[in-house]
Every structure is written in C-alpha cells, then in structure tokens.
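Here is a short briefing on a protein and the two molecules it holds. Look at the structure first, then work through the points by topic.

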Amino acid sequence: MAQTPVKVTVTGAAGQIGYALLFRIASGQLLGADVPVTLSLLEIPQAVKAAEGTAMELDDCAFPLLRGIEITDDPNVAFDGANVALLVGAMPRKAGMERGDLLEANGGIFGPQGKAINDHAADDIRVLVVGNPANTNALIAQQHAPDVPAERFTAMTRLDHNRALSQLAAKLQVPVTEIKKMTIWGNHSATQYPDLFHTEVGGKIAAELVDEAWLRDTFIPTVAKRGAAIIEARGASSAASAANAAIDHVYDWVNGTEWTSAAIPSDGSYGVPEGLISSFPVVSRNGKWEIVQGLEIDAFSRERIDASVRELEEERDAVRQLGLI
Ligand code: NAD
Ligand code: LMR
C-alpha cells in the first residue's frame, strides 16, 4: 500500500534558511529516504510570490518523494494536518530595538502560530523552532497550544552542538566521528555553555585533552559567538549550516539517536526550572527526546549552566510581563 505522505510545514519559507532547507526535506533527508512528504510553505503576504518561485524550483527537481506543495500566508491552512513544523520565520532585531521589543514582535508571530498548531495540526505534530530568540519563541508557541503535549515543542541548539564538534575536532586533529557525548546547555545565545567535561574522544574526557585556558578563553566563546562571527563575515546570518542542523534535529528525533543536544522543556533535571525550554544532553528513543541523567556537574560547569538558565528565566519573565504567555 502507498505510504501516506508526511506533511512538513516550514515558516519563513522564502527566507535564506528556507531556501537551504526545503530542497533537503524534499530529497528525503529530513525523515528518511523512503518517506514521501508534502510541503506547506508559510510566508507573510509580501513574500508569498518569492515562496512561489522556490516552489517552482522544487517542482523542477522532480523529487521522487515530494508529493505536493502548498503556499499560504494563513497559519490555519499551513498547519492543517501538519506532522512536522519547522518555525523558521521570525522578526529580526532592528537597529534601536530593545530586547523587550524583539520579544513582543516575536510574540505576535509565535503566539498565533502556536494556536494554529493547537487547533489544526495532526496528533503526532513535532515542532522545531529555529527563529530567534528560539528557546523563548518555542515557549510562546507551546503556551498557546495547551492540547499538544508540551514536549513536542523544541528549539534548535544542534547548530551550536555541531559547531562545538567541529572546533574540538580541529583542535585535536581528529575526525568529528571520534567525538562522543558533546553537550550544549542553556539558551541559543552567547550565554550557552558547550561542555567538554562529559565529552569523550577516543575514550578519554575531552576537557583533559586540552588546556584549561583554551577551553575557557577560546573554545567556549568561539562556539557561543559563532553566530555573530558568521554575520560579521557573510553580512547575513548562518543559513546552510542552520538548515543542516534543523535536518539533523528532526531526523534524530524521529529516527532515534545516541547523545546529542536539543532545547526541550525541562523536567527539573540539573536544577533547570521545570517548563523552561533549555538545551540539555539528550538521546532520542521511540520518537521522544530524553534528558541524559546522572551527570556530575562541577563548579565550573554549574556557574555557566546557571548563567544561561538565568537568561532564559529573564526572557520567560519578560514575555509573561508582556502578556505573551
Ligand atoms: P530571513 O530574513 O532570510 O527569512 C525569514 C523569513 O521569515 C522571511 O522570508 C520573512 O518574510 C519570513 N517571516 C517573517 N515573519 C513571518 C511570519 N509571521 N510567518 C511566516 N513567515 C514569516 O531569515 P533567515 O536567515 O532564514 O533566519 C530565520 C531565523 O532563524 C532568524 O530569526 C535567525 O536569527 C534564526 N536563526 C536561528 C539559528 C539557530 O541556531 N537557532 C541559526 C541561524 C538563524
Ligand atoms: C546563529 O547561531 O548563527 C544565529 O542564531 C545567529 C543569529 O543571530 O541569527
């Protein structure tokens, strides 16, 4: 019997991440080489025409797994029956904008999208928020979707994870495949904490293979500020690497994986207040993320995890005060 296609909704589909993402989804890299998909592209009215152009190019690839494309500016249509939602479109920070303004503008996007997901998505909906501030945007969407299990709302720190793998591999002159148990903790922001105290390289703890000054003064800030460095170099934020990380996150969520990093709702583990959408060391089993338990956290790591979690609490409190959640 023919397999029912999986409906994947991508918001901000005409943007630069959208352009790097859609072709990979349609080619089977998001869900698997034997899983047919339909794509729903959500854009703001001014960008619908550009999304139509991308759809024409998708058609022109004649992807065997792509069974349909829909383009809309209505979230209720875009999320109708969606199985996977990639929330990429967001309001970028503009000159003179305070953090509160940015959170408010994004609340106006992620609140209604969360409600549309609540009202129209398929029962197995999985949501990945990429648009910044990703963790708090995910929280806003989740809070508008009371009928969807809370753990279906996640935010992307896989790009930070992949950046950390790559930086460490270059330092130790090993292939990235030699590195196991990398972890990003906290917020997708400059306060994030890439943790080498549980990371293993050839069976040894990575923190013991590098000097402390490199770990503290080079590795952590390079990973945490890589997004800004890309903007400085390209004149635009990361796009292909962000799309790649979104593919990694969803593929692993659906198909299972050993240790990686994802921002998921906290269950209180490691002192992260319950409900905050924070990055943790995770595995995926039976289609669900699970936080790796039982890790010892020393004072160096504790201080950095706490700082990033504090920032997440401040963002949550700010959106609460604005009445967005
Ligand atoms: P972009 O400006 O090229 O594209 C964003 C698109 O979103 C635009 O086409 C815009 O029209 C659309 N959009 C805006 N509001 C929308 C709405 N309400 N509904 C549907 N679409 C809407 O930006 P980009 O480079 O593709 O980046 C998108 C977001 O991803 C940004 O917020 C960026 O900061 C973030 N990002 C996150 C990570 C991460 O690791 N989490 C990495 C890179 C970029
Ligand atoms: C990134 O990590 O590359 C982005 O989140 C940077 C940004 O501000 O868009």
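A nitrogen atom of ligand 1 lies 3.2 Å from a polar backbone atom of G12. This is a predicted model, so every distance here is computed from predicted positions. Two further polar contacts hold oxygen atoms of ligand 1, and they come from Q16 and I17.

**Contacts of ligand 1**

- Q16 uses its side chain: a polar atom there is 2.8 Å from an oxygen atom of ligand 1.
- I17 uses its backbone instead: an N or O atom there is 2.9 Å from an oxygen atom of the ligand.
- How much of ligand 1 does the protein cover? On its own, ligand 1 has 870 Å² of accessible area, and the protein covers 81% of that.

**The surroundings of ligand 1**

- Ligand 1 sits in the largest pocket.
- Two elements each give two or more residues to the shell around ligand 1: helix 1 (16-26) and helix 4 (99-120).
- There are 23 residues around ligand 1. Those that come nearest are Q16, I17, E43, V130 and N132.
- What kinds of residue make up this shell? It has 12 nonpolar residues, 10 polar ones and one charged one.

**Ligand 2**

- Which residues surround ligand 2? They are N132, R163, H188, G227, I231, S237 and S238.
- This shell divides into one nonpolar, five polar and one charged residue.
- The side chain of N132 has an N or O atom 2.8 Å from an oxygen atom of ligand 2.
- The side chain of R163 also places an N or O atom 2.8 Å from an oxygen atom of ligand 2.
- S238 adds a polar side-chain atom, 2.7 Å from an oxygen atom of ligand 2.
- Ligand 2 has 270 Å² of accessible area on its own, and the protein covers 72% of it.
- The space taken by ligand 2 is the largest pocket. Ligand 1 sits in the largest pocket too.
- N132 is worth finding on the model. It is listed among the residues nearest ligand 1, and it is also listed around ligand 2.

**What the UniProt record says**

- An unreviewed UniProt entry marks residues 6-148 as "domain: Lactate/malate dehydrogenase N-terminal".
- In the model, that span is 43% helix and 19% strand. Its end C-alpha atoms lie 18 Å apart.
- The unreviewed entry also carries a "binding site" feature. Its positions are G12, A13, A14, G15, Q16, I17, G18, N106, Q113, V130, G131 and N132.
- Which of these line the largest pocket? The lining takes in G12, G15, Q16, I17, G18, Q113, V130, G131 and N132.
- A14, one of the annotated positions, lies in the loop between strand 1 (6-11) and helix 1.

**Backbone points to look for**

- Most residues other than glycine have a negative phi, and most peptide bonds are trans.
- Is the peptide bond from N132 to P133 cis or trans? The bond is cis, with omega near -5 degrees.
- P133 is placed in the loop between strand 5 (126-129) and helix 5 (134-143).
- Q173 is not a glycine, yet its phi is positive, near 55 degrees.
- Q173 is found in the loop between helix 6 (158-172) and strand 7 (179-180).

How values were computed. Residues are numbered from 1 along each chain as its sequence is written. Chains are lettered from A and ligands numbered from 1 in the order in which they are written. This is a predicted model: local features need pLDDT of at least 70, side-chain atom pairs count only at pLDDT 80 or more; totals for chains, interfaces and linings use all residues. Side-chain values use heavy atoms; hydrogens and water are left out. A residue is near a molecule or strand if one of its heavy atoms lies within 4 Å of it. A polar contact is a pair of N or O atoms within 3.5 Å; within protein, one must be able to donate a hydrogen and the other to accept it, and residues adjacent in sequence count only if both atoms are side-chain atoms. Accessible areas come from the Shrake-Rupley method with a 1.4 Å probe; for residues, only the protein chains shown count as cover. On a 1 Å grid over the protein atoms alone, a cavity is a set of points where a 1.4 Å probe fits but cannot get out, and a pocket is an open set with protein on both sides within 12 Å along at least five of seven lines; lining residues have an atom within 4 Å of a point. A molecule sits in a cavity or pocket if more than half of its atoms lie within 2 Å of its grid points. Helices (H or I, at least four residues) and strands (E, at least two) are DSSP runs, numbered from the N terminus. Ala, Val, Leu, Ile, Met, Phe, Trp, Tyr, Cys and Pro count as nonpolar, Asp, Glu, Lys and Arg as charged, and the others, Gly among them, as polar. UniProt positions are given in the numbering used here, feature names are shortened, and annotations may be inferred rather than shown by experiment.
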